[in-house]
Amino acid sequence: MVTTLFGHDIAQTLSGLANSGGFSVGGFEIYTVTGSIPDIKTSSYRLRIDGNVEHPLLLSYEELRALPQHEVSFTFTCVTGWTVPNTHWRGVRLADLLDRVKPRTGVNALEFSSADGVYTDSLGLNEARSSDVLLAMDLDNKPISADHGAPVRLLVPSMYGYKSVKWLNRISLVSQQTPGYWEQRGYPVNATIS
Ligand SMILES: Nc1nc2c(c(=O)[nH]1)N[C@H]1C(S)=C(S)[C@@H](COP(=O)(O)O)O[C@H]1N2
Ligand SMILES: [Mo]
C-alpha cells in the first residue's frame, strides 16, 4: 500500500520539488526518491539482517521495541544545506544487533536497503558500531511518521542525512562498501559532516 505525494498540499509539494523532490514537515524536507511514501504497518514490518554472519536475524517491530532503547539528540543536516536543530530520536543501537548476528571474518561493511525498493546506502563496520548509530523508531517522543521512514529508519548523526535510510527493511553484512543511491549520483561514500 502506497500513498502518493498528491495527497499533500500542492503548493508545498511544488516548492519541495523545486528543491529536489520533497515537501516540508516541521523543518525537515521530506525526501523520497521514488515519489511515494511507503505505508508499512508495524504488525507486518520485518527487518532482515543477513549476509556474512553467524546468526542471521529476522526481527519484528515488537522485537525491536523490546530491546534496550537509546536516545540521541543532534542537528539533522542534509548535504543540500538545510538543517533541523535539536532533533531527539530513540531506538535500538545498531551495535547491539551486530553483537547478536556476529559478523564473520572478512566483513568490513553494512549495506542498508529500504522497503521503497530503490534507496540504499552503506557504512563501514566500525562506523556502524558507533554508539550514536540507531535504528530509530521515535522522533521527539512520538513514533516516527511514514514521511520520516516509519516504522524504522537508520540514523547516523555524524553524517549527512542521505546515510539515514528510511523505511529500513534489510541490513546485509558484506566485505566492502558499494556506493548507495545518492553516491552513484555524485555524493561521497564518506558522508561525515566536517
Ligand atoms: N528511503 C529513503 N531514505 C532516505 C531518502 C530517500 O529519498 N529515500 N533521502 C535521504 C536524504 S538525502 C535525507 S536528507 C533524509 C531526509 O529525511 P526526512 O525525509 O525524514 O527529512 O533522508 C534520507 N533517507
Ligand atoms: Mo539529503
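## Around ligand 1

The residues that form the shell around ligand 1 divide into 12 nonpolar, 5 polar and 4 charged. This is a predicted model, and a careful way to read it is to begin with the ligand and then work outward to the space that holds it. In total, 21 residues surround ligand 1, and the closest of them are Glu-29, His-148, Arg-153, Ser-164 and Lys-166. If we ask which strand gives the most to this shell, the answer is strand β3, made of residues 28–31, which supplies 4 residues.

Some of the surroundings can be followed atom by atom, and it helps to keep apart those that involve the backbone and those that involve a side chain. On the backbone side, a polar atom of Tyr-31 is 3.0 Å from an oxygen atom of ligand 1, while a backbone N or O atom of Val-33 lies 3.1 Å from an oxygen atom of the ligand. On the side-chain side, a polar atom of His-148 lies 2.7 Å from an oxygen atom of ligand 1. How much of the ligand's accessible area does the protein cover? Taken on its own, ligand 1 has 530 Å² of accessible area, and the protein covers 99% of it.

We can now turn from the ligand to the space that it takes, which is the largest pocket. Rolling a probe the size of a water molecule over the atoms shows where empty space is left. The largest pocket has a volume of about 420 Å³, and of the 25 residues that line it, those closest to its centre are Tyr-31, Tyr-119, Gly-161, Tyr-162 and Trp-182. Tyr-31 is thus one of the residues closest to the pocket centre, and its backbone also provides the polar atom 3.0 Å from a ligand oxygen. Strand β3 gives the most to the lining of this pocket, with 4 residues, just as β3 gives the most to the shell around ligand 1. Sorted by kind, the lining residues divide into 14 nonpolar, 7 polar and 4 charged.

Finally, two details of the backbone deserve a look, and each of them is found in a loop. In the loop between β12 (142–143) and β13 (153–155) we find Pro-151, which is joined to Ala-150 by a cis peptide bond, with omega at about 0°. The other detail is at Lys-102, in the loop between α3 (94–101) and β9 (109–114), where phi is near 55°, a positive value in a residue other than glycine.

How values were computed: Residues numbered from 1 in each chain as written. Chains lettered and ligands numbered in written order. Predicted model: local features only at pLDDT ≥ 70, side-chain atom pairs only at ≥ 80, totals over all residues. Heavy atoms only, no water. Near = heavy atom within 4 Å. Polar contact = N/O pair within 3.5 Å; in protein donor to acceptor, adjacent residues only side chain to side chain. Areas by Shrake-Rupley, 256 points an atom, 1.4 Å probe, with all protein chains shown as cover. 1 Å grid on protein atoms, 1.4 Å probe; cavity = no way out; pocket = protein on both sides within 12 Å on 5 of 7 lines; lining within 4 Å. Sits in = over half its atoms within 2 Å of the grid points. Nonpolar A, V, L, I, M, F, W, Y, C, P; charged D, E, K, R; others polar. Points joined across faces, edges and corners; volume = space filled by probe spheres on them.
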